[in-house]
Amino acid sequence: MEWSDVRIFLAVVRAGTLGGAARALQLSHPTIGRRLRALEQAVGHTLFQRTADGFVPTDEGAGIVALAEQMEEGALAMQRRLAGGEEKLQGSLRISSADWFGAFVLPPIIADYARSYPRVDLEVLTGTRLFNLAQREADIAFRIVPFNAPDVVQRKLVRLPYGVYVATASPDPVFGDGAGFRLITHDTSTGQFPDIAWLKSRFPNARPLLASNNRNVQARMSSHGIGIAVLPQVVGNQVGGLRRLSLPEEPPAREIWMGYHRDLRRLNRLRAFIAIVNEHVAGLQG
């Protein structure tokens, strides 16, 4: 049994279709089907039941999923260990963060790094998805919550101040009231946000009008006079058409956590990136 065939088996288990597995592995649909049939012939068992809804593991297939995942972890550990021992500052570096962090914090960091290490290819992945560091979906990640996966080296990077913003031409809302104003809030499907709860409690008579899971969208909406927004100051201070309110109380700051898999701790291109990150975030501390 070859790891390359086991990898295809796991991709079909996770995607439920040959097409989904092909996209995940960047292989052709016929290749996936041919390799899967070869694996079933090699082990002497039918591993999937072909149904109208997709590929469902048979009892035999379901029984080896955990073993296949152990093989996968071993292969990924080898990749990470070999990558961590690389000495030259070349290759690729994949960075994951929230959308606003990628748009407003990372650009000067990336610019400095690219000038210093032009042979490293960078990829920045932003959004709400938490990429798996153990599976090399990202080499380094920045989050507003601590990492809970094992084998992740993490530390609290910086505490970022937040502020309350309105459109430049907007009058000041009354703190503790907010009547006559509207609020721009955050989608809470992925969790609660202390700054949003604070905003609602400090402007209780303002009407929540718009919710978005993207801080950049919130900032742009507020700059067009749609409502009051609470934003990381590194975002609000860089968006044109916004002004920060001077209030008797500031919204709660948020901590940014940085993490990477421990097998990459000797990866020189990663260590060089972290050094530049540390230089830049010192001025953002709240």
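## Helix 7, helix 11 and a five-stranded sheet

Helix 7 and helix 11 are oblique to each other, because their angle falls outside the ranges under 35 degrees (roughly parallel), over 145 (roughly antiparallel) and 65 to 115 (roughly perpendicular). This is a predicted model, in which local features need pLDDT of at least 70, side-chain atom pairs count only at pLDDT 80 or more, and totals for chains, interfaces and linings use all residues. Residues are numbered from 1 along each chain as its sequence is written, and side-chain values use heavy atoms, leaving out hydrogens and water.

**Exercise 1.** Find the angle at which helix 7 and helix 11 pack, and the residues that meet.

*Solution.* Start with the runs: helix 7 spans residues 106–116 and helix 11 spans residues 268–281. Their angle is about 130° (on a scale from 0 to 180 degrees between N-to-C directions), and their axes lie 10 Å apart. Next, look at the contact (heavy atoms within 4.5 Å): Leu106, Pro108, Ile109, Ile110, Asp112 and Tyr113 in helix 7 meet Arg269, Ala272, Phe273, Ile276, Val277 and His280 in helix 11. Sorted by class, this contact has nine nonpolar, one polar and two charged residues.

**Exercise 2.** Work out the strand order of the open sheet, and which strands helix 7 touches.

*Solution.* The five strands run in the order 4-3-5-12-6, with mixed pairing (at least two DSSP bridges per pair). At the edges sit strand 4 (120–126) and strand 6 (152–160), each pairing on one side only. Finally, helix 7 packs on this sheet, touching strand 3 (91–97), strand 4 and strand 5 (140–143). The direction of helix 7 makes about 170° with that of strand 4.

Technical notes. Helices (H or I, at least four residues) and strands (E, at least two) are DSSP runs, numbered from the N terminus. Ala, Val, Leu, Ile, Met, Phe, Trp, Tyr, Cys and Pro count as nonpolar, Asp, Glu, Lys and Arg as charged, and the others, Gly among them, as polar.
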